Amino acid sequence: MSQSDLFAREALVVAQPKRSRWRRYTGPALAVSTVEGTPLAHVTHTDDSRWLLTKVSGELVVRIEKSSRFGQFGPVRFRFTDAADGEAGTVDARGPVKTGQLSLLTARGRTLFLTRRGLLSTEWQLTESDPHRSPAPEVLGRVTVSTIDGWLGLQQYVVVTDPRLDTSERRTVIASVVCLHLLRRPPDSSSAPA
């Protein structure tokens, strides 16, 4: 399966893998699969500021690097690089509620916004312009989060994108959903999701 095959699908699921409540978990932080449940890729973290998105075969797809100024109070930027060390996009999160809106920049320079519909909403909309301004922009995709294990609080994100997005734009969207999860549930944190 080539990288373009991985991101050719209009719907994917990014989820925390199921695990035992009684044993320490040492597997990947997140798994990317089809809606039917076929595993396609994994996300592992190497340290507090770097993560790797790899296919199930082990082939690197995207490196994700996080940088922030002023700790948790300042803006956060995630930078994506592909296996050939080429720029693959960025995500910026600003404001007191960083999960309210993510600003995406694809490898080809297209700006997209992933915006939460409301403070308590479980859905984010993907648009080409800020949805808080008039006129309302066309929705190019949706990300819906749900809890798949109430005891452990495991999260699942269903990502549905418009067929007009190309594979590089879908790659940026999937990587941004990984970033959204990292902002909501930082590694080694026991805090509730934002």
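Why does glutamate 123 count as buried? Glutamate 123 has a relative accessibility of 16%, and therefore it counts as buried; buried means under 20% relative accessible area, exposed means over 50%, and partly exposed lies in between, using a 1.4 Å probe and protein chains only. Let us place this residue in the whole chain and then come back to it.

First, a word on what you are looking at. This is a predicted model, in which local features need pLDDT of at least 70 and side-chain atom pairs count only at pLDDT 80 or more, while totals for chains, interfaces and linings use all residues. Residues are numbered from 1 along each chain as its sequence is written, and side-chain values use heavy atoms, with hydrogens and water left out.

Start with the overall plan. The protein chain contains two helices and 12 strands; these are DSSP runs, numbered from the N terminus, with at least four residues of H or I for a helix and at least two of E for a strand. Reading from the N terminus, the order is α-β-β-β-β-β-β-β-β-β-β-β-β-α. Along the principal axes, the C-alpha atoms fill a box of roughly 50 × 35 × 35 Å. The radius of gyration is 16 Å, which agrees with the value near 16 Å for a compact globule of 194 residues; this radius is taken over C-alpha atoms, and the globule rule is 2.2 Å times the number of residues to the power 0.38. Of the 194 residues, 44% count as buried. As for contacts (heavy atoms within 4.5 Å), 34% of those between residues at least 6 apart in sequence join residues at least 24 apart.

Now follow the strands, beginning with strand 6 (residues 76-82), which pairs with strand 7 in the antiparallel sense over six bridges. Two strands are said to pair if DSSP finds at least two bridges between them. Across this pairing, arginine 77 stands opposite aspartate 92 in strand 7. The two strands form a hairpin with four residues between them. Which residue in that turn has a positive phi? It is aspartate 85, with a phi of about 65 degrees although it is not a glycine. Most residues other than glycine have a negative phi. At 57% relative accessibility, aspartate 85 counts as exposed.

Strand 7 (residues 87-93) also pairs with strand 8, antiparallel, over five bridges. Here threonine 90 stands opposite leucine 105 in strand 8. Strand 7 is mostly covered, since six of its seven residues are buried. Strand 8 (residues 101-106) shows two faces: Leu102, Leu104 and Thr106 make up the covered one, and Gln101, Ser103 and Leu105 the uncovered one. In a regular strand the side chains alternate between the two faces of the sheet.

Next along the chain is strand 9 (residues 111-116), which runs antiparallel to strand 8 and is joined to it by five bridges. Glutamine 101 has threonine 115 in strand 9 as its bridge partner. Four residues lie between these strands in their hairpin, where glycine 109 takes a positive phi near 90 degrees.

We are back at glutamate 123, which is found in strand 10 (residues 123-127). What does glutamate 123 touch, not counting residues up to four places away in sequence? The list is Thr115, Arg116, Arg117, Arg142, Val143 and Thr144. Strand 10 is joined to strand 11 (residues 139-149) by five bridges, and the two run antiparallel. In this pairing, tryptophan 124 stands opposite valine 143 in strand 11.

Strand 11 in turn pairs with strand 12 (residues 154-161) in the antiparallel sense over eight bridges, and valine 145 stands opposite tyrosine 157 in strand 12. The hairpin of strand 11 and strand 12 has four residues between the strands, and glycine 153 there takes a positive phi near 75 degrees.

Tyrosine 157 leads us to the end of the tour. Histidine 181, in helix 2 (residues 167-184), is 24 residues from tyrosine 157 in sequence and 8.6 Å away in space, C-alpha to C-alpha. Leaving aside its neighbours within four places in sequence, histidine 181 is in contact with Gln16, Leu30, Gln155 and Tyr157. At 5% relative accessibility, histidine 181 counts as buried.
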